Amino acid sequence: MTKIRVLPHPESCPEGAEFEAEPGETIIAAAMRNHVHIEHACEMSCACTTCHVVLRAGFDSLEAAEEKEEDLLDKAWGLEPTSRLSCQAKVTDTELVIEIPKYTINLEKERH
């Protein structure tokens, strides 16, 4: 199991969070399983940017983003060099620290 630490976010995770993920599991799947809500307007199908996260540690342990993800990330609010779509980034055996950006380009929030 791999530890993921989520930095505090005013809406999604006010206190921050820490949980374990299986190698090969996507960041968003592990987060949602552990009750950390990350927006995902396209139901995690790599068709939008609402699940954008910024990796503050562990970015280099992830497989490189595919071209479709890179193209979508160009449209994300607050893009940084260590940005990924959490529906595409799969956990390895390296600890990750993620930050959920304050804003998304999603105009409607879905709560599941």
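User: Before we start, what is a nonpolar core?

Analyst: Happy to help with this predicted model! The term covers buried Ala, Val, Leu, Ile, Met, Phe, Trp, Tyr and Cys residues, joined through side-chain atoms within 4.5 Å.

User: Which residues touch the most other members of the largest nonpolar core?

Analyst: That core holds 25 residues. Elements that each supply at least two of them include strand S1 (2-6), strand S3 (52-57) and strand S5 (96-99). The members touching the most others are Ile 4, Val 6, Ile 38 and Ile 98.

User: And which element gives the most to this core?

Analyst: Helices take part alongside strands: H1 (27-33) and H2 (67-73) each supply at least two residues. The top contribution is four residues, and it comes from H1.

User: In S1, which side chains point to the buried face?

Analyst: Side chains alternate along this strand. Lys 3 and Arg 5 point to one face and are not buried. Pointing the other way, and buried, are Thr 2, Ile 4 and Val 6.

User: Which residue in S5 stands opposite Val 6?

Analyst: S1 pairs with S2 in the antiparallel sense over five bridges, but with S5 in the parallel sense over three bridges. Beyond its sequence neighbours, the S5 residue you want is in contact with Ile 4, Val 6 and Ile 38, among others. Opposite Val 6 stands Ile 98.

User: Is His 52 buried or exposed?

Analyst: His 52 lies in strand S3, and a polar atom of its side chain is 3.3 Å from the backbone oxygen of Trp 77. Its relative accessibility is 4%, and the cut-off is under 20%, so His 52 counts as buried.

Definitions and conventions: Residues numbered from 1 in each chain as written. Predicted model: local features only at pLDDT ≥ 70, side-chain atom pairs only at ≥ 80, totals over all residues. Heavy atoms only, no water. Buried < 20%, exposed > 50% of the residue type's maximum accessible area, 1.4 Å probe, protein only. Contact = heavy atoms within 4.5 Å. Polar contact = N/O pair within 3.5 Å; in protein donor to acceptor, adjacent residues only side chain to side chain. Pairing = 2+ DSSP bridges. Lists of a residue's contacts leave out its neighbours within four places in sequence.
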